[in-house]
Amino acid sequence: MRGRVELIRLENACFGYGSEPVLKNVSISVARGSSLALLGPSGSGKSTILAGMAGMLASSHGQVLFDGKNLGRLRPAELAEHRLRDFGFVFQRSGLLEELSLVENVALPARLAGARSADALGRAEALLDDLGIERDVRSRRPAEVSGGQEQRAAVARALINAPKVIFADEPTGALDEENSQVVGKLLVDAAARNGATLVMATHNADLVRGFDSIMFVHRAAVTSERP
Ligand SMILES: Nc1ncnc2c1ncn2[C@@H]1O[C@H](COP(=O)(O)OP(=O)(O)OP(=O)(O)O)[C@@H](O)[C@H]1O
Ligand SMILES: [Mg+2]
């Protein structure tokens with residue numbers, strides 16, 4: 001951590017959906033450009049932490065800082081701007097829009113952020129090149145490609161606005177073991193190439209071996225020691 005600038009900081013954060021918190025007093029520091037894995041069994045609170053880090057779920061105590069800003073104090077419009085421009089998301093299921101081709105799906109967040117169509121499509125093509133999606137596959141809709149290709153397009157979509165952080169929530173949950181390894185590695189490489197910070201939640205310990213830090217979510221707490 002020394003020498004690296006902090007990008008995300010959770011300070012005694014508590015997250016929950018009702019009166020009983022799911023996670024209590026979570027303190028995590030994520031350095032800019034680093035990779036953090038959150039490992040833990042189903043229901044332990046991994047997605048909850050990602051939602052808290054991305055400002056989608058408020059902390060009832062403590063604070064969540066992104067780039068020094070307290071997310072809990074931002075106006076909804078400011079938070080939405082961060083989500084569009086600074087955060088990229090990859091989920092267990094790609095969430096690509098069925099009516100659009102892969103390349104149009106990848107270009108969409110750039111269009112929403114104000115890029116012109118040709119520019120957005122050009123950037124989408126370049127990212128799909130990087131991620132090894134062949135040209136004839138890009139013009140197909142999600143239903144007409146393999147799960148691994150679809151998930152790679154989801155990685156490209158998460159990267160198109162050059163986010164500061166990529167939040168990946170079980171990004172390989174719908175893939176077989178071989179494709180999981182491929183997509184997991186692509187995500188790490190793509191984040192590194194783009195200088196993005198990567199926070200990935202998974203229960204697959206094999207996927208996160210090369211990560212800068214690994215934390216374990218267990219019994220309403222987050223620790224750096226394997227439970
Ligand atoms: N919207 C919600 N409303 C109420 N409780 C919720 C909600 N979302 C999650 N929970 C509860 O919060 C706890 C943590 O859930 P979370 O989704 O963060 O777990 P997870 O570690 O991501 O699990 P998985 O590996 O299955 O995705 C669980 O007990 C879950 O039932
Ligand atoms: Mg989850």
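In this predicted model, the protein exposes about 11100 Å² of surface, of which carbon and sulfur atoms supply 49%. Its charged groups comprise 27 positive and 27 negative charges, and the mean positions of the two sets lie 5 Å apart.

The overall dimensions may be considered next. Along its principal axes, the C-alpha trace spans about 50 × 40 × 40 Å. The radius of gyration is 17 Å; because a compact globule of 227 residues would have a value near 17 Å, the protein agrees with that expectation. Buried residues account for 48% of the 227 residues. Among contacts with a sequence separation of 6 or more, 70% join residues 24 or more positions apart.

The secondary structure consists of 7 helices and 10 strands. Two of the strands, β6 and β7, are set out below.

| Strand | Residues | Pairing |
|---|---|---|
| β6 | residues 87-90 | parallel with β7, 4 bridges |
| β7 | residues 165-169 | parallel with β6, 4 bridges |

Within this pair, phenylalanine 87 of β6 has valine 165 of β7 as its bridge partner. In a regular strand, side chains alternate between the two faces of the sheet. For β6, Phe87 and Phe89 lie on one side, whereas Gly88 and Val90 lie on the other. These four residues are all buried, and both faces of the strand are therefore covered, buried here meaning under 20% relative accessible area. Phe87 thus combines two roles in this description: it is buried on one face of β6, and its bridge partner is valine 165 in the parallel neighbour β7.

Methods
Residues numbered from 1 in each chain as written. Chains lettered and ligands numbered in written order. Predicted model: local features only at pLDDT ≥ 70, side-chain atom pairs only at ≥ 80, totals over all residues. Heavy atoms only, no water. Buried < 20%, exposed > 50% of the residue type's maximum accessible area, 1.4 Å probe, protein only. Pairing = 2+ DSSP bridges. Rg over C-alpha atoms; globule rule 2.2 N^0.38 Å. Contact = heavy atoms within 4.5 Å. Areas by Shrake-Rupley, 256 points an atom, 1.4 Å probe, with all protein chains shown as cover. Lys, Arg positive; Asp, Glu negative; His and termini not counted. Charge placed at Lys NZ, Arg CZ, Asp CG, Glu CD.
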